[in-house]
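Biologist: Please take a close look at one part of this model and say what surrounds it. Then set that part in the context of the whole chain.

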Amino acid sequence: TMVITRILSERSTNALGDFEVTYTYDPAAVKIVEEFRQNIKEISLKMHQRNEKLVQKYEYLYPEEIPNSISI
């Protein structure tokens, strides 16, 4: 049971904004994807900086921990 639980709990997808295959080739769309990735990095940095000051850290919904898609 523990082995099955561990296997089913493992991450099988990339993090938010980290796409396995690039389907965007339009320069405007590529720019939007890069802006999205930059926003994710900024949010993550702010969360980590804020947590340094907190006694009880907020460790949920880090962008790097959110899967890019859901695999079932």
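Modeller: Y58 counts as partly exposed, at 39% relative accessibility; buried means under 20% relative accessible area, exposed over 50%, and partly exposed in between, with a 1.4 Å probe and protein chains only. This is a predicted model, in which local features need pLDDT of at least 70 and side-chain atom pairs count only at pLDDT 80 or more, while totals for chains, interfaces and linings use all residues. Residues are numbered from 1 along each chain as its sequence is written, and side-chain values use heavy atoms, with hydrogens and water left out.

The ring of Y58 takes part in an aromatic pair. Rings of Phe, Tyr and Trp (its six-membered ring) pair if their centres lie within 6.5 Å; planes under 30 degrees apart count as stacked, over 60 as edge-to-face, and the rest as tilted. The count by this rule is one pair. It joins Y58 and Y60, whose ring centres are 5.6 Å apart with planes at 75 degrees, so the pair is edge-to-face. Y60 is itself exposed, at a relative accessible area of 57%.

The backbone oxygen of Y58 is also engaged: the side chain of N51 reaches it at 2.6 Å. The side chain of N51 makes a polar contact of 2.5 Å with that of Y62. A polar contact is a pair of N or O atoms within 3.5 Å; within protein, one must be able to donate a hydrogen and the other to accept it, and residues adjacent in sequence count only if both atoms are side-chain atoms. With residues up to four places away in sequence not counted, N51 touches K57, Y58 and Y62, where contact means heavy atoms within 4.5 Å. N51 is buried, with a relative accessible area of 4%.

N51 lies in helix 2, residues 27-53; helices (H or I, at least four residues) and strands (E, at least two) are DSSP runs, numbered from the N terminus. Helix 2 has 27 residues and reaches 40 Å from its first C-alpha to its last, close to the expected 39 Å, a span taken as 1.5 Å times one less than the number of residues. Its buried residues are V33, I40, S44, M47 and N51. An α-helix has 3.6 residues a turn, so residues three or four places apart point the same way. S44 is buried at 10% relative accessible area, and outside its neighbours within four places in sequence it contacts P63 and E64. K41, also in helix 2, counts as exposed at 58%.

L61 is in the segment after helix 2. Its phi is near 60 degrees, a positive value in a residue other than glycine. Most residues other than glycine have a negative phi. L61 is exposed, with a relative accessible area of 59%.

For the whole chain, there are two helices and zero strands. The C-alpha trace spans about 45 × 35 × 10 Å along its principal axes. The radius of gyration is 16 Å, against near 11 Å for a compact globule of 72 residues; it is taken over C-alpha atoms, and the globule rule is 2.2 Å times the number of residues to the power 0.38. Of the 72 residues, 14% count as buried. Among contacts with a separation of 6 or more, 51% come from residues 24 or more positions apart.
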